[in-house]
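Biologist: I would like to learn how to read a model of this kind, one feature at a time. Where do we start?

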There are 2 protein chains.
Amino acid sequence: MDKTNLSHKFSLFQDFWSPKVVGEINESLVKLAKLKGEFVWHHHENEDEMFLVVKGSLLMRFRDRDVRLEEGEFIIVPRGVEHLPIAEEEAHVLLLEPKTTLNTGNLTNERTVAELEQV
Amino acid sequence: MDKTNLSHKFSLFQDFWSPKVVGEINESLVKLAKLKGEFVWHHHENEDEMFLVVKGSLLMRFRDRDVRLEEGEFIIVPRGVEHLPIAEEEAHVLLLEPKTTLNTGNLTNERTVAELEQV
């Protein structure tokens, strides 16, 4: 059982919108992702999803409002709620979500990453 | 659905070894705790537990070795593994664990906090 250093793990990959698995806890996975630009509107049918901003800033757009997250802030998006993550500048986030969660939720498209890498 | 600022939440309580609930995600709770001094040896029968150091440093003692965690580092303690958290100086940690998790795991003693506050 080893510790995980977030900065080190983030240094091991460069691709955006492609979450990397860094830990397994109960029925969930801890993932790290680098975000830049705009993702796609989606929701997760049965899974709540946590976004903790480790570096930079993240705009989480909902159908009825926007929430801007800065470093050291998190949001839990409840299952079923449509959201659109946008990172105007490169942002680094820690994600926590069930093992069953697909990054694009209810959609499958060119942004979908079905097989997650571990770093 | 609001965002949560970790520094702000930590400013709202001062007691040590008394995790505060700051979020609910799937079957788990996100908690914040201030640690100082030595806790008690314990394990959790059925729950993995994640410790992410937000401020300071945490020594996690296992029966066969020690792991020192600094700011920006986390460890997932698997179910069944005995551990003893020690904070030589005040440390702030984010915990993630199932709703069923008791802070003292298999023990019930004066360090047990059965009813967690929310902040």
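Modeller: With a cut-off: a residue is called buried when its relative accessible area is under 20%, and exposed when that area is over 50%. Keep in mind throughout that this is a predicted model.

Biologist: Take a loop residue, then. Is Ser18(B) buried or exposed?

Modeller: Ser18(B) has a relative accessible area of 12%, so it is buried. Ser18(B) sits in the loop between helix 1 (6–10) and strand 2 of chain B.

Biologist: Which residues is Ser18(B) in contact with, leaving aside its neighbours within four places in sequence?

Modeller: With those neighbours set aside, Ser18(B) is in contact with Leu32(B) and Val113(B). Ala33(B) is 15 residues away from Ser18(B) in sequence, and their C-alpha atoms are 6.0 Å apart.

Biologist: How much confidence does the prediction carry?

Modeller: As a general rule, predicted coordinates should not be read in detail where pLDDT is low. Here, chain A has a mean pLDDT of 95, and 100% of its residues reach 70 or more. The scores for the model are ipTM 0.93 and pTM 0.94.

Biologist: How do I read the order of elements in a chain?

Modeller: Go from the N terminus on. In chain A the elements run β-α-β-β-β-β-β-β-β, which gives one helix and eight strands.

Biologist: And the strands themselves?

Modeller: In a regular strand, side chains alternate between the two faces of the sheet. Start with strand 2 (residues 20–25) of chain B, where five of the six residues are buried, so the strand is largely enclosed by the rest of the structure. Strand 2 of chain B runs antiparallel to strand 3 (residues 28–38) of chain B, and five bridges join them. Within that pairing, Gly23(B) has Val30(B) as its bridge partner.

Biologist: How many residues lie between the strands in that hairpin?

Modeller: Two, and Asn26(B) in this hairpin takes a positive phi near 55 degrees.

Biologist: What does strand 8 of chain B pair with?

Modeller: Strand 3 of chain B is one of its partners: the two run antiparallel and are joined by 10 bridges, with Leu29(B) opposite Glu97(B). Strand 4 (residues 49–55) of chain B is also antiparallel to strand 8 of chain B, through five bridges; there Phe51(B) is paired with Leu95(B). Strand 5 (residues 57–61) of chain B adds three bridges to strand 8 of chain B, again antiparallel, and Arg61(B) has Leu84(B) as its bridge partner. In strand 8 (residues 84–98) of chain B, 12 of the 15 residues are buried, so this strand too is largely enclosed by the rest of the structure.

Biologist: How do I judge the overall form of a chain?

Modeller: Compare its radius of gyration with that of a compact globule: for 119 residues the expected value is near 14 Å, and the 13 Å of chain A agrees. The C-alpha atoms of chain A fill a box of roughly 40 × 30 × 25 Å along the principal axes. Buried residues make up 54% of chain A. Of its contacts with a separation of 6 or more, 64% are between residues 24 or more positions apart.

Biologist: Last, how are the two copies related?

Modeller: A turn of 180 degrees, with a shift of 0.0 Å along the axis, lays chain B on chain A with an RMSD of 0.0 Å. That is the relation of a two-fold axis. Of the interface residues of chain B, 100% are also interface residues in chain A, so the copies meet through the same surface.

Key. Residues are numbered from 1 along each chain as its sequence is written. Chains are lettered from A and ligands numbered from 1 in the order in which they are written. This is a predicted model: local features need pLDDT of at least 70, side-chain atom pairs count only at pLDDT 80 or more; totals for chains, interfaces and linings use all residues. Side-chain values use heavy atoms; hydrogens and water are left out. Copies are superposed by least squares on the C-alpha atoms of residues with pLDDT of at least 70 in both. Contact means heavy atoms within 4.5 Å. pLDDT is the predictor's confidence in each residue, from 0 to 100. Helices (H or I, at least four residues) and strands (E, at least two) are DSSP runs, numbered from the N terminus. The radius of gyration is taken over C-alpha atoms; the globule rule is 2.2 Å times the number of residues to the power 0.38. Buried means under 20% relative accessible area, exposed over 50%, partly exposed in between (1.4 Å probe, protein chains only). Two strands pair if DSSP finds at least two bridges between them.
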